[in-house]
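Q: Please explain how the terms assigned to this structure follow from their definitions, taking each value against its cut-off.

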Amino acid sequence: MENTDELMYSSEAKATEYLFFSDLNDINIFVEDKGKEFEYETIFKRLLGKEYKIVKILGVGGKVELKKYFNEFGLVNKDNPKIKNIYIADGDFDWYIYQDEMIENPNFIYLETYNIENYFIDKKASEKFAKGQLKCSDNEVELKVDFDNWKNKIVKQASRLFFYYCYVKKEYPQEKSVSRSPYLFIDEKDGYEKPHAFEDYKKYILALNNLAESEVEKIKISYYKKHNNEFNLICGKFLLESLYCHIRNITGINFRKDDFRWHLICDFDIRKLGYVKERILVAMDV
């Protein structure tokens, strides 16, 4: 049974945090990731430009918490209705297995990809980073990075795994899936699939349920009704690990992963989030 005092404290803490910053912004943006607010600040300032003042992003710590904030604080700042509240949720597997639980509201925006990191997977930004490591011409960098081939290959390899992760998330939520280390599948040397990594995992799942394969096929049908490739199915954090290993392999330089991530955040094609901007602008005009 939940402790009433703890619930009251949690609610009061949320209200205090929200009220502290809500009047400082022209728009209040709530996101799932706690501790990554500085990244989202950069992303949304790039996306929205100088149109709206954003002093503080609120990272709440997961989708369950995001929904609680939405239910508690609603669509606008009650003291100043001109200040709208916008909630950004990861797509995760919700589009395919949890449609009935998704919130339908203009101010509650689900990413079309698994999470925000999917948008960091960007050809031009990756090549630009690699050029600083390789110190060669654009043509040479493009040939060496071979971004399109890397992306097509890892997406094809990892999609099999993530369709099974999707099934496990739905039927066996107590089992680890996406939270498993990417390096159980990814080879640190080149960023591609380790030999037998998928087959070994598939055998484990089939041991839980020998009908799993047919259930996975149903999930695939649901997925392909929305997308014509598997990129959006795969967790962006997973893809980012693969890309990091790939570029480290082709450059031969052991650069910091955080530096690579930050470069991509600052340089990925922000137009890919155009649909989020459109939703925000519509909400702000209501």
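A: Strand S1 (residues 27-31) is a suitable start: five of its five residues are buried, so the strand is largely enclosed by the rest of the structure. The model is a predicted one, in which local features need pLDDT of at least 70 and side-chain atom pairs count only at pLDDT 80 or more, while totals for chains, interfaces and linings use all residues. Residues are numbered from 1 along each chain as its sequence is written, and side-chain values use heavy atoms, with hydrogens and water left out.

Q: What makes a residue of S1 buried, and which way do the residues point?
A: Buried means under 20% relative accessible area, exposed means over 50%, and partly exposed lies in between (1.4 Å probe, protein chains only). Ile27, Ile29 and Val31 point one way from S1, Asn28 and Phe30 point the other way, and all are buried. Strands and helices are DSSP runs numbered from the N terminus, with at least two residues (E) for a strand and at least four (H or I) for a helix.

Q: Why are S1 and S4 called paired strands?
A: Two strands pair if DSSP finds at least two bridges between them. Five bridges join S1 to strand S4, and the two run parallel, so the pairing criterion is satisfied. Within this pair, Ile29 stands opposite Ile86 and Val31 stands opposite Ile88.

Q: Which other strands pair with S4, and in which sense?
A: Strand S3 (residues 76-77) pairs with S4 in the antiparallel sense over two bridges, with Val76 opposite Lys84. These two strands form a hairpin with two residues between them. Strand S5 (residues 108-110) pairs with S4 in the parallel sense over three bridges, and Tyr87 has Phe108 as its bridge partner in S5. S4 (residues 80-89) is mostly covered, since seven of its 10 residues are buried.

Q: What makes the unit of S1, H2 and S2 right-handed?
A: A crossover is right-handed if, with the strands pointing away from the viewer, the path from the first strand over the helix to the second runs clockwise. S1, H2 and S2 make a right-handed β-α-β unit. Its strands S1 and S2 (residues 57-59) run parallel and are joined by three bridges, with Leu58 in S2 as the bridge partner of Phe30.

Q: How do you know that Lys202 and Glu213 form a salt bridge?
A: A salt bridge is a side-chain nitrogen of Lys or Arg within 4 Å of a carboxyl oxygen of Asp or Glu. The side chains of Lys202 and Glu213 meet at 2.9 Å, N to O, so the pair qualifies. It links distant parts of the chain, with Lys202 in helix H8 (residues 197-208) and Glu213 in helix H9 (residues 212-224), 11 residues apart. Lys202 is called buried because its relative accessible area is 16%, whereas Glu213, at 39%, is partly exposed.

Q: Which further salt bridges meet this rule, and how many are there?
A: The count comes to 22 salt bridges. Among them is the bridge of Asp138 and Lys131, at 2.7 Å, N to O; Lys131 is partly exposed, with a relative accessible area of 33%. Another joins Asp269 to Arg271, whose closest N and O atoms are 3.0 Å apart. Asp269 counts as partly exposed at 27% relative accessibility, and Arg271 is exposed at 68%. Lys36, Glu39, Glu117, Lys237 and Arg261 are linked in a network of salt bridges.

Q: What covers the buried residues of H11?
A: In helix H11 (residues 257-267), the residues Phe260, Arg261, His263, Leu264 and Ile265 are buried. Their cover includes helix H2 (37-48), helix H5 (123-134) and helix H10 (236-251), where contact means heavy atoms within 4.5 Å.

Q: Why is Glu230 not assigned a salt bridge?
A: Glu230 is found in the loop between H9 and H10. Lys and Arg count as positive and Asp and Glu as negative, while His and the chain ends are not counted. The nearest side chain of opposite charge, Lys220, is 7.7 Å from the buried Glu230, so the salt-bridge limit is not met.

Q: What makes the pair of Glu230 and Tyr224 a polar contact?
A: A polar contact is a pair of N or O atoms within 3.5 Å; within protein, one must be able to donate a hydrogen and the other to accept it, and residues adjacent in sequence count only if both atoms are side-chain atoms. The side chains of Glu230 and Tyr224 are joined by such a contact at 2.5 Å.
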